[in-house]
Amino acid sequence: MQTINFNELPKIVPIISEMDHFLYPFMISPLFISNQENIKTIEYVLEHSLPIIVTPIKVNADSNEIPINRIYQAGVLGGIMRKTVLPDGRVKILFQGLKKVKIINVISQLNTTHDFSFFMAEFQHIETNYISDIKSRALLSIAKEKIAELLKMSPKFPPEMINSLDSSELDRSADLITSSLSLSLDQAYDLYIETDIETRLFSLLEKIDNELETAKIQRDIKNKVQNNIAQHNKEHFLKEQMKQIQKELGIDVQRDEEIEEYRKKLESKKEFLSEDAYKEINKQIKRLSKAHPDSADANMIQTYVEWVLEIPFGKESKHKLSIAEVENQLNIDHFSLKKPKDRILEYFAVRELLELRGVKDSQNKGVILCFYGPPGVGKTSLANSIATATKRKLVRIALGGLEDVNELRGHRRTYVGAMPGRIIAGLIEAKEMNPIVVLDEIDKIGRSQRGDPTSAMLEILDPEQNVKFRDYYLNFDIDISKVMFIATANDISIIPAPLRDRMEFIYLSSYTPMEKYQIAKKYLIPQELKKHGLKNNELIISKKAIEDTISLYTREAGVRNLRRQISTIIRKSARKILENSSIGKVSITAKNLKELLNKTVFNLEKVDLTPKIGVVYGLAWTPVGGDVLKIEVMKTEGKGGIKLTGKLGEVMKESGTIAFSVVKTLFENSYLVSSKLPKVNNEKEKDEENIETSSDKLNKKSKNIYNYFDLHIHVPDGATPKDGPSAGITITTAIASALTDKAVRGDTAMTGEISLHGNVMPIGGLKEKIIAGHRSGIKYFLIPKKNYERDLEDIPAEIIDDIKIIPVSRIEEVLKHMFDLNKNIEHTTGDKDKNESEELSTIE
């Protein structure tokens with residue numbers, strides 16, 4: 001142990017400054033020294049039995065400053081009781097403080113013996129100015145009371161400390177209290193050098209009050225945490241305690257930063273928001289800032305704020321409309337579809353003109369387009385082409401099977417997992433307020449107890465209402481009038497009338513075989529070659545092979561199955577090239593097509609052109625194009641009954657009944673005459689026959705011949721449902737042929753509804769019907785005159801040039817052509833205004 005004579009202290013002693021706190025005269029403290037200069041200073045002190053000053057170093061001390069500015073200018077003078085060298089090179093000393101001193105100056109001194117320099121400090125003692133015993137006892141008593149209260153809430157103060165406080169040693173008592181408080185170095189330094197004991201004690205009382213308040217807050221925090229997490233483990237308890245502390249002290253920086261970021265985003269969008277929208281979002285951000293971070297409410301509100309601030313208010317595609325770009329893109333992506341393309345170009349021509357003339361968007365409310373037609377004809381791809389041409393984002397909303405109205409309008413925030421509807425989600429996905437939204441399969445929207453989505457579509461698609469579309473999740477109106485809505489459908493008849501009224505329909509008919517060939521050649525084959533990694537010169541498909549693929553392996557209105565078959569051909573060709581490196585090119589012809597596609601799926605049957613009795617060819621429309629229907633009528637002896645088979649619908653059965661009535665009228669008017677009369681079967685008829693003249697008998701039986709036979713009308717194929725009125729004239733012709741025993745032409749097909757008075761009425765689907773008849777080898781087509789006048793331009797020119805179309809307006813015209821077996825009829829181009837009716841002679 002170091003022996004020091006403190007009665008004869010030098011005026012200057014060594015000093016070390018490696019501590020982070022002040023030491024006091026009554027303390028015996030272990031100190032760990034790592035600085036080599038300080039270690040050498042300690043060795044020098046022990047060697048010469050010198051006292052030493054220990055003082056803390058300033059937190060932000062600059063090593064370039066002079067020594068006295070790097071340290072606090074006060075410390076404790078004391079002696080080193082013991083020194084121990086630790087394995088890691090540090091030195092541990094046991095230091096006893098004896099006297100507080102104020103440092104006047106610090107100088108560097110060289111130790112010539114050991115060749116190192118150390119610091120010496122010039123100092124003077126800090127003397128305390130004492131006060132009266134009464135005042136000192138009063139102040140110390142107050143301090144004891146506060147410390148006793150503090151001891152109940154904080155283990156920081158040792159319980160025996162109160163007994164150590166003595167008014168006779170007021171300076172020591174003040175130092176003891178100071179050493180137990182949580183003070184910064186600057187606060188401790190101010191108290192350390194304070195010579196007026198009264199001032200020191202008042203300052204200490206203030207510091208104790210602060211500690212007491214802090215301890216109360218900590219106690220409250222602990223109580224709150226314990227109440228909230230009674231069932232949680234210790235680790236969770238500690239985390240919650242930290243959160244409560246951060247909340248009370250206002251240092252939850254991350255959450256505050258998030259909320260501030262939300263406010264900045266809201267302010268940046270303020271000019272594009274309505275007043276109601278701004279108020280609602282701002283209100284929810286305020287609620288979020290006040291909510292407990294882990295509450296369910298906070299999570300729900302934060303999700304809402306994040307959704308709402310993602311809506312691209314004020315962001316729009318600025319690309320100027322150009323009808324030339326739209327036309328070019330449509331032609332690049334689609335073959336044929338002339339009428340749909342023209343209507344789309346008209347739509348964009350109006351929008352471009354309004355834009356050039358400065359008409360505001362609020363006044364430029366165009367119609368809602370709806371592309372409808374069979375599957376696979378290019379409805380959705382047309383919308384894709386429009387989006388590409390206009391440089392707008394495309395959002396596709398599949399409506400097939402949608403039953404919940406909340407899918408469109410959004411869910412109210414009270415529900416768990418609530419989120420905006422598909423329209424608002426589409427805007428967020430597109431990141432702009434004027435994307436192109438494709439409402440796919442709008443005819444397949446369902447209806448259930450959860451609402452009727454078609455009713456919500458009324459507001460979405462109405463330009464007068466969608467300026468203030470309300471999503472339940474957002475709880476404020478939003479303008480979606482700048483969105484370009486394009487709907488697609490297969491069957492518009494099942495769309496509710498109010499919804500149909502808000503759209504303009506553009507029909508996309510089925511493709512002709514020639515159109516399918518061009519589409520396969522120009523689009524499908526190059527696309528599939530690229531998809532399968534083949535070069536254009538590695539696969540050659542002949543024209544006949546493509547045509548056979550279309551006719552023998554697919555039967556559809558569009559080209560989806562055709563793409564699949566082409567994909568199969570290319571896959572198998574790619575395998576051949578890979579397995580045999582000597583094959584540089586694969587050629588597909590009609591001969592080797594079966595090797596790749598196996599057996600044919602559909603057989604293209606040509607009709608039998610031979611004239612027959614009671615067999616007539618009709619034309620039908622189907623969802624995948626058109627078809628040829630063979631209508632067969634057979635008579636058997638009976639009493640004028642009629643039977644219809646072939647899985648016919650109610651409308652078609654009614655057409656059969658009407659046709660029979662028309663034929664009866666033709667017999668009664670002697671327009672139709674049967675050469676084969678029925679036999680007499682009973683005595684009553686024989687007696688009547690004896691009375692009447694032979695001429696009378698012949699006329700009567702001929703006019704009423706339908707009463708002597710039963711008719712069986714059949715439409716193959718029996719498993720396929722059939723319905724519609726367009727087979728009226730076909731059934732009439734077949735019945736007339738059967739009852740007159742006259743063969744009718746086999747090279748002619750017909751379509752048309754028959755009225756009870758024999759008028760031929762217009763029908764639909766003429767293009768598909770004519771294409772199907774042409775494919776089956778039909779040469780002549782009887783169609784209603786009104787269809788001839790309005791629909792002939794829809795039929796492809798290559799088919800028109802290869803067939804003969806005859807317009808008819810009366811059933812007599814139909815029968816005249818069908819019973820004229822030898823005459824070749826020229827193609828009727830017809831003066832449509834000319835009265836084409838002729839005087840019709842009796843058919844025998």
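On the surface of this predicted model, Asp256, Glu257, Glu258, Glu260, Glu261, Glu306 and Glu310 gather in a patch of negative charge. The elements that contribute two or more residues to this negative patch are α9 (253-269) and α11 (296-310), and the largest share, five residues, comes from α9. The points below take up the patch again and then turn to strand β7, to several salt bridges, and to a contact between parts of the chain that are 166 residues apart in sequence.

**Negative patch**

- Glu310, one of the residues that gather in the patch of negative charge on the surface, is found in helix α11.
- With a relative accessible area of 45%, Glu310 counts as partly exposed, because that class lies between the limits of under 20% for buried and over 50% for exposed.

**Strand β7 and its partners**

- Strand β7 (residues 368-372) has four of its five residues buried, so this strand is largely enclosed by the rest of the structure.
- Strand β13 (residues 503-507) pairs with β7 in the parallel sense, over five bridges, and within β13 it is Glu504 that stands opposite Leu369.
- Strand β12 (residues 484-489) also pairs with β7 in the parallel sense, over four bridges, and here Ala487 in β12 stands opposite Cys370.

**Salt bridges**

- A search of the whole structure finds 27 salt bridges, among them one between Asp440 and Arg396, whose closest N and O atoms are 2.8 Å apart.
- Asp440 lies in strand β9 (residues 436-440) and Arg396 in strand β8 (residues 394-398), so this pair ties together parts of the chain that are 44 residues apart in sequence.
- Asp440 has a relative accessibility of 4% and therefore counts as buried, the cut-off for that class being under 20%.
- The side chains of Arg575 and Glu579 also meet in a salt bridge, with an N to O distance of 2.8 Å.
- Arg575 and Glu579 both lie in helix α21 (residues 560-579), where they are four residues apart, about one turn of the helix, and both of these residues are exposed.
- Asp741 forms a salt bridge with Lys635, and the closest N and O atoms of this pair are 2.8 Å apart.
- The pair of Asp741 and Lys635 links distant parts of the chain, 106 residues apart, with Asp741 in the loop between α26 (728-740) and β21 (743-744) and Lys635 in strand β18 (residues 625-637).
- Lys635 has a relative accessible area of 19% and is buried, because the cut-off for that class is under 20%.
- Salt bridges that share partners also join Glu280, Lys283 and Arg413 into one network.

**A contact across the sequence**

- Phe313 has its place in the loop between α11 and α12 (323-333), and with a relative accessible area of 9% this residue is buried.
- Although Phe313 and Asp479 are 166 residues apart in sequence, their C-alpha atoms are 9.6 Å apart in space.

How values were computed:
Residues are numbered from 1 along each chain as its sequence is written. This is a predicted model: local features need pLDDT of at least 70, side-chain atom pairs count only at pLDDT 80 or more; totals for chains, interfaces and linings use all residues. Side-chain values use heavy atoms; hydrogens and water are left out. Buried means under 20% relative accessible area, exposed over 50%, partly exposed in between (1.4 Å probe, protein chains only). Two strands pair if DSSP finds at least two bridges between them. Patches are made of residues with over 30% relative accessible area and no salt bridge: like charges are joined within 9 Å, nonpolar side chains (Val, Leu, Ile, Met, Phe, Trp, Tyr) within 5 Å. Accessible areas come from the Shrake-Rupley method with a 1.4 Å probe; for residues, only the protein chains shown count as cover. A salt bridge is a side-chain nitrogen of Lys or Arg within 4 Å of a carboxyl oxygen of Asp or Glu. Lys and Arg count as positive and Asp and Glu as negative; His and the chain ends are not counted. The place of a charge is taken as NZ of Lys, CZ of Arg, CG of Asp or CD of Glu.
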